[in-house]
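Welcome, and thanks for taking a look at this one. Please keep the viewer open as you read.

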Amino acid sequence: MKILLTVLFLTLLPSVFLLAQEQKKDSTAVADTTAKEEPEVPDKPVKFSWESQYLINQQTSKISPVKTLEFVIQHRFGSVEKGKTDLWGVYSPGANVRLGLDYVIYKRVQIGVGITKANMTGDFNAKWNIFEQKTESMPISVTLLGNMAIDGREKSVWDTLYYNYSDVGKFFGYKFSNRFSYFSEILIGSKLTEALTLQGGVSFSHYNTVAANMDHDIIGVHIGGRYKVSPQGAIVFNGDFPLHVKDISEGQKTNKSKSNIAFGYEISTGSHAFQIYAGTSNSLLPQDMMLNNSNKIQYKSFSLGFVITRLWSF
């Protein structure tokens with residue numbers, strides 16, 4: 001009997017072993033198939049980091065598709081200092097307005113023109129989104145932007161100005177290039193969550209001609225953000241901080257430009273964006289704000305403003 005059981009065990013053992021091997025192969029094959037069937041996560045540009053190319057006083061990394069034309073109105077009322085006398089600056093004669101057109105000529109490359117009421121200053125600008133933020137490979141966006149502005153005041157105004165390298169009491173020889181000013185910035189931003197997007201930048205501003213007690217050049221630091229609170233609404237804010245770097249200063253100790261802060265609310269649709277805000281600078285051109293803002297951060301320095309943008313695709 002023992003011999004019969006031993007023979008039966010030895011006879012069945014290979015079959016059990018082969019069955020186990022087949023099950024192992026089948027499990028491996030299923031695992032391999034499952035692994036192969038797992039979809040790869042696509043690496044795509046992050047969408048809707050910003051709803052507008054403008055963030056109050058600043059620009060953003062947003063560039064629309066090629067052949068998109070944008071019309072922008074930037075309006076800044078006077079300061080709220082006089083209260084109800086001029087309806088908190090709404091009817092103040094110190095209001096400032098800029099009208100602009102921007103056009104996307106190539107993928108992630110935009111050019112534009114504009115004109116500002118203050119000094120009737122015309123500007124030519126360009127923006128290049130060097131790196132887009134992507135879902136997998138790139139956690140930030142990197143954008144380079146800049147402009148050249150031309151002061152449009154009458155020549156007779158310039159004949160009465162002092163150039164800061166001139167001796168006191170002597171006028172400088174007027175040239176058309178005296179009207180030029182420049183601004184350049186490298187901007188880094190990131191959409192951190194579905195609601196929150198932040199950006200920061202470093203800029204350089206230059207005026208060919210300034211008053212006798214002013215510097216020509218200044219470096220600035222910029223921060224800004226957007227927090228989405230509804231499908232079409234968001235809280236927006238920014239700050240612009242001129243750095244009075246000794247190495248590039250010409251030793252001017254008066255009329256140092258002040259920092260600017262602003263905050264507001266944005267409402268956007270597919271082709272429109274509207275921002276209403278309050279800020280401490282009355283300037284609409286970045287180089288003007290960085291070199292000529294005399295308003296301290298205090299209640300009476302704030303002024304109301306708005307930005308409206310409209311897009312057309314061709």
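The sections below go from the overall fold to the pockets, the cavities and two single residues.

## Overall fold

Please bear in mind that this is a predicted model. The protein has 314 residues, and 40% of them count as buried. Its secondary structure amounts to three helices and 14 strands. If you like contact maps, here is a number to start from: taking contacts between residues at least 6 apart in sequence, 61% join residues at least 24 apart.

What kind of arrangement do twelve of the strands form? They make a closed barrel with antiparallel pairing, in the order 3-4-5-6-7-8-9-10-11-12-13-14. From one strand to the next, the twist averages 20°. As general background, the strands of a sheet pair through backbone hydrogen bonds, in either a parallel or an antiparallel way.

## Strands 5, 6 and 7

Let us zoom in on one part of the barrel. Strand 5 covers residues 109-116 and strand 6 covers residues 121-131; the two are antiparallel partners over eight bridges. At one position of this pairing, T116 stands opposite T121 of strand 6. The hairpin made by strand 5 and strand 6 has four residues between the strands, and N119 there adopts a positive phi near 60°.

Strand 6 also pairs with strand 7, which spans residues 141-150, again in the antiparallel sense, here over nine bridges. Across this pairing, D123 faces A149, a residue of strand 7.

## The largest pocket

How much space lies in the largest pocket? The answer is about 810 Å³. Its lining is made up of 32 residues, and F48, W50, K62, I63 and S64 are the ones that lie nearest the centre of the pocket. If you want to place a grid box there, those five residues show you where the centre is.

Among the elements of the fold, strand 13 (272-279) and strand 14 (303-313) each contribute at least two residues to the lining of the largest pocket. Sorted by class, that lining holds ten nonpolar, 15 polar and seven charged residues.

## The second largest pocket

The second largest pocket has a volume of about 500 Å³. It is lined by 26 residues, with N119, D151, R153, Y207 and N292 closest to its centre. You have already met N119, the residue with a positive phi in the hairpin of strand 5 and strand 6.

Two elements give two or more residues to the lining of the second largest pocket: strand 8 (180-191) and helix 3 (286-292). Helix 3 provides the largest share, with three residues. As for chemistry, the lining of the second largest pocket consists of 13 nonpolar, eight polar and five charged residues.

## Cavities

How many cavities of 30 Å³ or more turn up in a search of the whole structure? There are two. In general, empty space is revealed by rolling a probe the size of a water molecule over the atoms.

The largest cavity has a volume of about 220 Å³. Of its 20 lining residues, N57, Q59, L145, N147 and P286 are closest to the centre. Several elements each supply at least two residues of this lining, namely strand 2 (58-59), strand 6, strand 7, strand 8 and helix 3. The lining of the largest cavity divides into eight nonpolar, eight polar and four charged residues.

## Two residues to inspect

F180 belongs to strand 8. Is F180 buried or exposed? With a relative accessible area of 17%, F180 counts as buried, because the cut-off for buried is under 20%. Leaving aside residues up to four places away in sequence, F180 touches A149, I150, Y207 and N208. One of these, Y207, is 27 residues from F180 along the chain, and their C-alpha atoms are separated by 6.4 Å. Two of the names have come up before: A149 stands opposite D123, and Y207 is among the residues closest to the centre of the second largest pocket.

K47 makes a good contrast. K47 sits in the loop between helix 1 (2-37) and strand 1 (54-55). The relative accessible area of K47 is 61%, so K47 is exposed. Along the chain, K47 and T135 are 88 residues apart, and a distance of 9.3 Å separates their C-alpha atoms.

Key. Residues numbered from 1 in each chain as written. Predicted model: local features only at pLDDT ≥ 70, side-chain atom pairs only at ≥ 80, totals over all residues. Heavy atoms only, no water. Pairing = 2+ DSSP bridges. 1 Å grid on protein atoms, 1.4 Å probe; cavity = no way out; pocket = protein on both sides within 12 Å on 5 of 7 lines; lining within 4 Å. Points joined across faces, edges and corners; volume = space filled by probe spheres on them. Nonpolar A, V, L, I, M, F, W, Y, C, P; charged D, E, K, R; others polar. Buried < 20%, exposed > 50% of the residue type's maximum accessible area, 1.4 Å probe, protein only. Contact = heavy atoms within 4.5 Å. Axes fitted to C-alpha atoms, helices over the stretch in contact; angles between N-to-C directions.
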